[in-house]
Amino acid sequence: MDRVFSGIQPTGDMHLGNYLGALRNWVRMQTQYECLYCVVDLHAITLWQEPADLSKHILEVTAGLVASGLDPKTNIIFNQSRVSAHAELAWVFNCVARLGWLNRMTQFKDKAGKNRENASVGLYAYPNLMAADILAYKATHVPVGEDQKQHLELARDIAQKFNNDYGVEHFPQPEPVIQGPATRVMSLRDGTKKMSKSDPSEASRITMTDSADDIAQKIRRAKTDMEPLPDSAKGLEARPEAANLIGIYAALSDTSADAVCQKFAGAQFSAFKEALTELAVASLAPIGTKMADLMKNQDYLDEILIDGANRARAIAEPILAETYKIVGLRR
Ligand code: AQP
């Protein structure tokens, strides 16, 4: 049976990259698949999180998922630390994955930076936990942004090595689902850097709780070049900031970058930015308002996470038990 798993870290304010790269696809998939959407709080602590901020962000992200249109009754929405199968299976995978595989992970290199010796072991082993997140449910489809493609490939390698080592067909090969014209939304301040929750510059990202004024100001200040807009997407080559803004417009209006270029061919950025602001506010403001409403009822958000975790556990525990048996940890 087809099953979807995907996760989001409660490391800060959810942004337009999370929305276009992941969330919008999650909402679309909820009618076609059995879906598990996880607030991956164990992943979050691979980098330092202030405890009070972390617990607030877990609820905010939960509110963001529901406000974006995910139904907590039909989908399983929960936070990772409530289901111990994730951590338990991750340990098994720590013993399956090879050091050489993890050494190739670009996200570790980016996040550890120059001070690699001082990075947490958790940050290094992050992809093994991600493989466990997916395979604890034998998920077949994983909707993610472009930045997670390499980790998904590693999850496939782990599933295959486990099956080969033990001579079983236990874990499926999960398929990445990377869809839409904005699978990698870039920073508004630097078109070569991914839009990210942890970028120190607030101006680099549009968050899902930004007011209409904030959105307008951030788009107005977004870095661009001096050329007018081209008449086709080909003209965006070597213009990363222009390509990013056109990609965002295309994703928000459900069209292609080519169609957006045709519409604004020859226009100056000032006019295009006004149109983009209008579109971004129309898409995000209702979600932001709903999130704020949901945050007023934190008991309800806790109930969603507890109920989701109970349902997730019911799927993961038999799969973990079977895994332990295959490995020889149980008779
Ligand atoms: N800029 C992006 N463009 C498209 N998709 C993106 N995603 C993240 N950034 C972009 C996708 O959103 C989902 C959840 O991501 P995450 O929060 O688990 O982790 P991340 O990829 O590390 O996101 P951030 O915002 O950059 O967080 P920090 O700063 O904490 O590392 C994933 O599917 C991701 O692909």
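Visitor: What follows helix H3, and what's its phi like?
Guide: H3 is followed by Gly-69, and the phi of Gly-69 is positive, near 120°. Keep in mind that this is a predicted model.

Visitor: OK, and H3 itself, how many residues has it got and how far does it reach?
Guide: H3 covers residues 51–67, which makes 17 residues. From first C-alpha to last it reaches 24 Å, close to the 24 Å expected at 1.5 Å a residue.

Visitor: Is H3 mostly covered or mostly exposed?
Guide: Mostly covered, with twelve of the 17 residues buried.

Visitor: Which ones are buried?
Guide: Leu-54 is one, and then there's a run starting at His-57: Ile-58, Leu-59, Glu-60, Val-61, Thr-62, Ala-63, Gly-64, Leu-65, Val-66 and Ala-67.

Visitor: Let's pick Val-61. Why does that one count as buried?
Guide: Because its relative accessibility is 1%, and the cut-off for buried is under 20%. Val-61 has its place in helix H3.

Visitor: What is Val-61 in contact with, leaving aside neighbours within four places in sequence?
Guide: Ile-8, Gln-9, Pro-10, Met-14 and Val-39. There's also a C-alpha separation to quote: Val-61 and Cys-38 are 23 residues apart along the chain, and their C-alpha atoms are separated by 9.8 Å.

Visitor: Switching to pockets. How much space lies in the largest one?
Guide: About 1200 Å³. The lining of that pocket takes in 46 residues, and the ones nearest its centre are Gln-107, Lys-111, Asp-147, Gln-148 and Lys-194.

Visitor: Which element gives the most to that lining?
Guide: H1, with six residues. The elements that each supply at least two residues are strand E1 (3–8), H1, helix H2 (41–44), helix H6 (106–112), helix H7 (121–135) and strand E4 (141–143).

Visitor: How do the residues of that lining divide by class?
Guide: You get 19 nonpolar, 18 polar and nine charged.

Visitor: And the second largest pocket, what's its volume?
Guide: About 150 Å³. Leu-42, Thr-46, Ala-87, Ala-90, Trp-91, Asn-94, Gly-122, Ala-125, Tyr-126 and Leu-129 line the second largest pocket. Helix H4 (85–94) and H7 are the elements that give two or more residues to that lining.

Visitor: How many charged residues are in that lining?
Guide: None: the lining of the second largest pocket has seven nonpolar and three polar residues, and no charged ones.

Visitor: What about closed space? How many cavities of 30 Å³ or more does the structure hold?
Guide: Two. The largest cavity has a volume of about 50 Å³, and the second largest has about 30 Å³.

Visitor: Which residues line the largest cavity?
Guide: Leu-20, Arg-24, Asn-25, Arg-28, Gln-179, Gly-180, Pro-181, Ala-182, Thr-183 and Ala-251. Helix H1 (residues 16–29) provides the largest share, four residues. By class, that lining has four nonpolar, four polar and two charged residues.

Visitor: And what lines the second largest cavity?
Guide: Ser-187, Leu-188, Ala-222, Lys-223, Glu-241, Asn-244 and Leu-245. Sorted by class, the lining of the second largest cavity has three nonpolar, two polar and two charged residues.

Visitor: Speaking of Ser-187, which residue has Ser-187 among its contacts?
Guide: Asp-199 does. Leaving aside neighbours within four places in sequence, Asp-199 is in contact with Ser-187, Lys-193, Ser-204 and Arg-205.

Visitor: Where does Asp-199 lie?
Guide: In the loop between strand E5 (175–177) and helix H9 (212–221). The relative accessible area of Asp-199 is 10%, so Asp-199 is buried.

Visitor: What does the side chain of Asp-199 make a polar contact with?
Guide: The side chain of Lys-193, at 3.4 Å. As for long-range placement, Asp-199 and Gly-12 are 187 residues apart along the chain, and their C-alpha atoms are separated by 9.9 Å.

Visitor: Last one: Ser-196, buried or exposed?
Guide: Buried, because the relative accessibility of Ser-196 is 17% and the cut-off is under 20%. Ser-196 is found in the loop between E5 and H9.

Visitor: What does Ser-196 touch, not counting residues up to four places away in sequence?
Guide: Ser-196 touches His-15 and Arg-205. Arg-205 is also among the contacts of Asp-199.

Terms used:
Residues numbered from 1 in each chain as written. Predicted model: local features only at pLDDT ≥ 70, side-chain atom pairs only at ≥ 80, totals over all residues. Heavy atoms only, no water. Expected span 1.5 Å × (residues − 1). Buried < 20%, exposed > 50% of the residue type's maximum accessible area, 1.4 Å probe, protein only. Contact = heavy atoms within 4.5 Å. Polar contact = N/O pair within 3.5 Å; in protein donor to acceptor, adjacent residues only side chain to side chain. 1 Å grid on protein atoms, 1.4 Å probe; cavity = no way out; pocket = protein on both sides within 12 Å on 5 of 7 lines; lining within 4 Å. Points joined across faces, edges and corners; volume = space filled by probe spheres on them. Nonpolar A, V, L, I, M, F, W, Y, C, P; charged D, E, K, R; others polar.
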